[in-house]
Each structure stands twice: as structure tokens, then as C-alpha cells.
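Please look through the structure shown here before reading on. The notes go from the whole chain to single residues.

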Amino acid sequence: MQTNNNLVLIHFKLDAQTHLESLGLKYQETGEELDVIVDDIPYEVIDGYYQDPDEQLCEKLGINYDLVNCIEAVPDFHLC
């Protein structure tokens, strides 16, 4: 399966709705989760400190990582 390397799909817990709205992020409810597609960011090692890439993405976007179920690359077919 091909992926769009510039976008990621973040699956959130349902109780993240208010948080997502406060950040101005558009989401889709998929039954048991809220899904958001965002631009991926280049991973950076800061001052020699390794940080989980998913946590770093959330930190840079102002997302509370505790509300995230998982993050994955967006398959090309998902954009059709």
C-alpha cells in the first residue's frame, strides 16, 4: 500500500472533541474514535535528546498526547 508521506492520520479518544475544537482541528467521528489528518513534520533530535516522533508531532501542534490512541501514515486511497 502506498502512503502519502506528507500526511498523518491521528486517531483520538472520543473525549478529545473539545480539545480538537479549541485547536481548530477538523475531525471525523468514526464510531469509537475521532480522526484528524494533519501535515507531518520532519523529525528533529534536539540537543541530542531522542523524543518519540509521535509525541514530538503532538507537542509541535499543541495536541495533548494523552488523548491520542495512535498515529499512522495516510494511505493515498484515503485522500480520494
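The numbered points below cover the fold, the core, some single residues and the surface.

1. The model is predicted. The protein has two helices and four strands. Read from the N terminus, their order is β-α-β-β-α-β.

2. How much of the protein is buried? Of its 80 residues, 30% are buried. The accessible surface of the protein is about 5400 Å², and carbon and sulfur atoms account for 47% of that area.

3. Contacts between residues at least 6 apart in sequence were also sorted by separation. Among these contacts, 59% join residues at least 24 apart.

4. The largest nonpolar core consists of 14 residues. Val8, Ile10, Phe12, Leu20, Ile63, Val68 and Ile71 have the most contacts inside it. Four elements each contribute at least two residues to this core: the strands β1 (3-12), β3 (34-39) and β4 (68-75), and the helix α2 (53-61).

5. Ile63, one of the core residues with the most contacts, is worth selecting in the viewer. Leaving aside residues up to four places away in sequence, Ile63 touches Ile10, Phe12, His19, Leu23, Leu25, Cys58 and Val68. Three of the names in that list, Ile10, Phe12 and Val68, also appear among the core residues with the most contacts.

6. Leu61 lies in helix α2. Is Leu61 buried, exposed or partly exposed? Its relative accessibility is 34%, so Leu61 counts as partly exposed. Beyond residues up to four places away in sequence, Leu61 touches Leu23 and Val38. Leu23 is also touched by Ile63. From Leu61 to Asp39 the separation is 22 residues in sequence and 9.8 Å in space, C-alpha to C-alpha.

7. Two cysteines can be compared by their exposure. Cys58 has a relative accessible area of 0% and is therefore buried. Cys70 has a relative accessible area of 36%, so Cys70 is partly exposed. How many disulfides does the model have? A disulfide is a covalent bond between the sulfur atoms of two cysteines. With a cut-off of 2.5 Å between cysteine sulfur atoms, the count is zero disulfides.

8. On the surface, Tyr43, Val45 and Tyr50 make a nonpolar patch of about 320 Å². Val45 is found in the loop between β3 and α2. Val45 counts as exposed because its relative accessibility is 53%, and exposed means over 50%.

How values were computed. Residues are numbered from 1 along each chain as its sequence is written. This is a predicted model: local features need pLDDT of at least 70, side-chain atom pairs count only at pLDDT 80 or more; totals for chains, interfaces and linings use all residues. Side-chain values use heavy atoms; hydrogens and water are left out. A nonpolar core is a set of buried Ala, Val, Leu, Ile, Met, Phe, Trp, Tyr and Cys residues joined through side-chain atoms within 4.5 Å. Buried means under 20% relative accessible area, exposed over 50%, partly exposed in between (1.4 Å probe, protein chains only). Contact means heavy atoms within 4.5 Å. Accessible areas come from the Shrake-Rupley method with a 1.4 Å probe; for residues, only the protein chains shown count as cover. Patches are made of residues with over 30% relative accessible area and no salt bridge: like charges are joined within 9 Å, nonpolar side chains (Val, Leu, Ile, Met, Phe, Trp, Tyr) within 5 Å. A salt bridge is a side-chain nitrogen of Lys or Arg within 4 Å of a carboxyl oxygen of Asp or Glu.
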